[in-house]
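Colleague: Could you take me through one part of this model up close? I'd like a single helix first, and then whatever helps me place it in the rest of the chain.

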Amino acid sequence: MAEQHRPHTGPPAGPSATASRAPVASSAPAASPAFVAALRSAVRGTSDFGPAARALTTMDASNYRRVPLGVLAPRDADDVAAALAVCQEYGVPVVPRGGGTSIAGQATGTGLVLDLTRHLRTILDLDPAARTAVVQPGVILDDLRAAAAPHGLTFGPDPSTHSRCTLGGMIGNNSCGAHSVAWGTTADNVRGLSVVRYGGEALRLEQGSGTGSPAGAGARGAGAPQGPPGVSELVASHLALLRTGYPDLPRRISGYALDALLPEHPGGPDPVRAFCGSEGTLGVVTEATVRLVEAPRARALAVLGYADESAAAEAAPGLLPYGPLTVEGMAADLVREPAGLLPRGAAWLFVETGGATETEARAHAERVLRAADAVDGTVVTDPAGQRVLWRIREDAAGTATRMPDGSEAWPGWEDCAVPPARLGAYLRDFRALLAEHGLRGTPYGHFGDGCIHVRIDFDLITEAGVARFRRFSEETADLVVAHGGSLSGEHGDGQARAELLPRMYGDELVALFGRFKDLWDPDGGLNPGMLARPDRLDANLRFAVLPKRPVDVEFGYPQDGGDFTGAVRRCVGVAKCRTEEASGAGVMCPSFRATGEEAHSTRGRARLLHEMLAGEVITDGWRSTEVRDALDLCLSCKGCRSDCPVGVDMATYKAEFLHHHYKSRLRPAAHYAMGRLPQWLRLARPFARPLNALARLRPLAALAKRLAGIAPERTIPVLATETYSRWLRRRQGRGTRILSSSRVVHLWADTFTEHLSPQVGRAAVRVLEEATGRTVLPPPTGVCCGLTYVSTGQLDAARRVMRRTLDRLDLFPGEPLVVLEPSCAATLRTDLPELLPGDPRAAELASAVRTFAQYLEEYAPGWTPPRLDRPAAGQTHCHQHAVLGDAAERRLRERLGLTGELSGGCCGLAGNFGFEKGHWEVSVACAEERLLPAVREAEPGTELLADGFSCRTQLDQLAGRRARHLAEVIAEALPEPVPGVGEPGPGR
């Protein structure tokens, strides 16, 4: 048997314990030098046995954590076979891993992780006539669907992680998704598999075959085995048990599907179906032939409201005869934000229908609506409206991990399925069982197939909480079985449920699972602890290694009770941040899309922080170079704060880490140069002209950039010869007096507007005074939001700057503060109160912040802006998207007659990030993803908009195009003031 590595059970060595002393030795077993050498000589793929690679793969999207020896990215099937041969020789277990979104622990392991997403991700063939595709296991589902779409085809199973899950992972877990009522499970859509056993033997499995030979012995599909020798005999000697031991329901995923090997199985014994759902315990998939289905040309969505979830569940089976594509259900406790498209009710069914035309799809949906005995209902045909609704459902795996009161909820009883006709009764009993154990959960899922997802507020940290988790799991397993169901209706059993399989199948059938596993994998080297001879469901919990007391940190983390460990626990691993193409206005995660590296995803960084706190793999706490290097390419765009379903805020975590990492240590030059930018710009103000001239001299500019840690490819921005505040004071130096606070506008003088783009401030003054009839006051001196200090982790300095600002800023209670630079507005809105949680003035100032458009909408509702009537392009600032929202800006552009959409994503400059040495390539890649193509494709006469200084600078330096703040565009369109008219009034 392969060697089993016990999880670390000693006290955690988190940052508070390790930051100020020498690194501690890792307690996680390391790979032997002989094994590493043998593996590297046998394969062409890349392997990594360092702490970062191991830390990144300790977890999937489940409650479980197992520390691997290392990670291998095989280049081809031969590499997989060679690696499995070496692993067998050295007794090293193997776990194949795709997107790492498994929710039962199947993608974690104590040996070698095979990362199948790096190289094995090619669609080898797509045959529209045969409606099949041949794919490698690392192919992303959405990539296959995109390739099939021009032919009017798609791959039917579509889990909510479709933008990042892989076909290999879907086969391993027999994934399903929302459209299974129409197109079935993954097992229903796989025709053939090439797999490699532990030890390196390759086999080809074909649907409906009973005899054959190992892969390579003949043409693909020319006779294939049911599996390794002995499988046919095992089935033949247990026919009665296999014929009677499985419940008959559409979502029975639990255990091995040995009944697919029965001789009476339609089409003959089906080794492909028997292999699907085996969770990497039998072999490693290297190639799959899959079925494609015809995709409806048009779709409509009937949204049906019910009094409660049981009523919705009981109604679902009655809708199946109408041939829907989906029958999805959820209750009101899953909906955290107002959704105007939802009809009345406390629970809803999403019933999607298809048709050759929109009229046909709508007619189909309206038939469903008329047939449904619902409280209320509506039909949505607008694709954008459908996306809004589906996002609520697809993000549920993340949003459900936080209860409405902010407390944590976890997987652990996910994906069970009962006969659809029993679902309503099961949900009532399930809710009663939750209450009996003092637990809360938010069920949702595939009501048409009787499959339920739920996240429950288990306490997985204390001994008593873990004991309750076990008792509840055991009793719920009995409840599911009593209703004729399956412990897993999707995504497999993993460690979460495999221990409970005897309650569903009985000891005799489960023993047969073990014998089946042994025929495939006699050494027990493939994903040990899953399915056959499973680990206990309450072992290897990922929370056990975290610090038991709060870590000393700088930010307040108000959403996590002030606990940094709780903030890091937010990441449950659903990996929405690993989406390779940003959609809509989304931002997260630009660095991952630029590099494709797990370490540069929000999830990857959260995993590294988790392991830093654990102190087992990453042993040097806040001094960790692994965490530092992963965070180095975080743009601090804050996109994850809004786009991550659980609200991970990696920009804040990065600032926190940098503060501790460089405490009492020399920092990178860029931190001194750009982190303290407001200070340097104030000092440079009197010398703007000569400094601008010197910056144009290449040798001097190159020297300055080298000393300041600035990328040599960058151009140093031009300093304003007259700052915004000096201009405003000079303009108002005519004896203007202010009679009342209601007659003034407080306009924030951010560093960028003040010293680098004062024209934006001048334009805003013009527009604000025109629109409101109020006077814009000169800003107080020496105020700063602290943005550059925060982004470089200089948090002590940031607090000093923020306190000085609070002391000097003179706002009456309730008075708004207009901030033109979105990044500064976001800093005042979020970082200020989170760094100064004990100062009530911080919260007051945060609530006072308004963007330019927000202020006009709120305080000049009757103003009629000039009509511009031309298209617009450009970018919504990532901080605006994540923190402030851009609804007011959209409405203002509409009133101006500016048509078109601004791009989402991140410009890639992101304040100091894009200027720092070593970030040029990633910065350009981020800009090339969405911003630069949108600008290049804009028609002549298009107005280029970018409210952020970084976005404007990026466009100028990479595209040679000048973008403007919306205030500049409006000011230009205002009529020229008549001398003596339109100037500030006499005041008091």
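Which helices do the buried residues of helix 23 pack against?

Modeller: Happy to, with the reminder that this is a predicted model. The buried residues of helix 23 pack against helix 3 (51–56), helix 22 (602–614) and helix 25 (650–661). Helix 23 itself covers residues 625–632, and its buried members are Glu-626, Val-627, Ala-630 and Leu-631. Looking down the axis of helix 23, you'd see those buried residues fall within an arc of 125°, so they line one face of the helix. The spacing behind that is familiar: an α-helix has 3.6 residues a turn, so positions three or four apart point the same way.

Now for some company. Helix 5 (residues 141–148) has Leu-141, Leu-144 and Ala-148 buried. These cover an arc of only 65° around the axis, which puts them on the same side of helix 5. What they pack against includes a good deal of strand: strand 5 (123–127), strand 6 (132–135), strand 7 (153–154) and strand 10 (284–291), along with helix 6 (167–173).

Helix 27 (residues 677–684) is worth a look too, with Pro-678, Leu-681 and Ala-684 buried. Their arc is only 130° around the axis, which places them on the same side of helix 27. The partners of these buried residues are helix 28 (688–695), helix 31 and helix 33 (787–791).

You can pick up the helix 31 side of that from Thr-751, which sits in helix 31 (residues 751–755). Leaving aside residues up to four places away in sequence, Thr-751 touches Pro-678, Leu-681, Leu-756 and Cys-784. Pro-678 and Leu-681 are among the buried residues of helix 27. Thr-751 counts as buried as well, because its relative accessibility is 13%, and the cut-off for buried is under 20%.

Next, a few loop positions. Asp-521 is in the loop between helix 19 (507–520) and helix 20 (564–569). Its relative accessibility is 0%, so Asp-521 counts as buried. Not counting residues up to four places away in sequence, Asp-521 touches Tyr-198, Thr-281 and Leu-526.

Asn-527 is found in that loop too, between helix 19 and helix 20. Asn-527 has a positive phi of about 45°, although it is not a glycine. With a relative accessibility of 2%, Asn-527 counts as buried.

Asn-174 also has a positive phi, about 50°, and is not a glycine either. You'll find Asn-174 in the loop between helix 6 and helix 7 (180–183). At 7% relative accessibility, Asn-174 counts as buried. Helix 6 has come up already, as one of the elements that the buried residues of helix 5 pack against.

One more backbone detail: a cis peptide bond joins Met-588 and Cys-589, with omega at about -5°. Cys-589 lies in the loop between helix 20 and helix 21 (590–595). For context, most residues other than glycine have a negative phi, and most peptide bonds are trans.

For a contrast with the buried positions, try Glu-360, in helix 12 (residues 358–371). Glu-360 is partly exposed, with a relative accessible area of 43%. If you want a distance across the chain, the C-alpha atoms of Glu-360 and Arg-895 are separated by 36 Å, and the two residues are 535 apart in sequence.

Finally, zoom out to the whole chain. The secondary structure comes to 43 helices and 25 strands. The C-alpha trace spans about 100 × 70 × 55 Å along its principal axes. A compact globule with 988 residues would have a radius of gyration near 30 Å, and the protein has 30 Å, which agrees. Buried residues make up 62% of the 988. Among contacts with a separation of 6 or more, 75% are between residues 24 or more positions apart.

As for the outside, the accessible surface comes to about 36,100 Å², with 52% of it belonging to carbon and sulfur atoms. There are 108 positive and 114 negative side chains, and the centres of the two sets lie 8 Å apart. To come back to where you started, helix 23 fits into this picture through its buried residues, which pack against helix 3, helix 22 and helix 25.

Terms used. Residues are numbered from 1 along each chain as its sequence is written. This is a predicted model: local features need pLDDT of at least 70, side-chain atom pairs count only at pLDDT 80 or more; totals for chains, interfaces and linings use all residues. Side-chain values use heavy atoms; hydrogens and water are left out. Helices (H or I, at least four residues) and strands (E, at least two) are DSSP runs, numbered from the N terminus. Buried means under 20% relative accessible area, exposed over 50%, partly exposed in between (1.4 Å probe, protein chains only). Contact means heavy atoms within 4.5 Å. The radius of gyration is taken over C-alpha atoms; the globule rule is 2.2 Å times the number of residues to the power 0.38. Accessible areas come from the Shrake-Rupley method with a 1.4 Å probe; for residues, only the protein chains shown count as cover. Lys and Arg count as positive and Asp and Glu as negative; His and the chain ends are not counted. The place of a charge is taken as NZ of Lys, CZ of Arg, CG of Asp or CD of Glu. The arc is that of the directions from the helix axis to the C-beta atoms.
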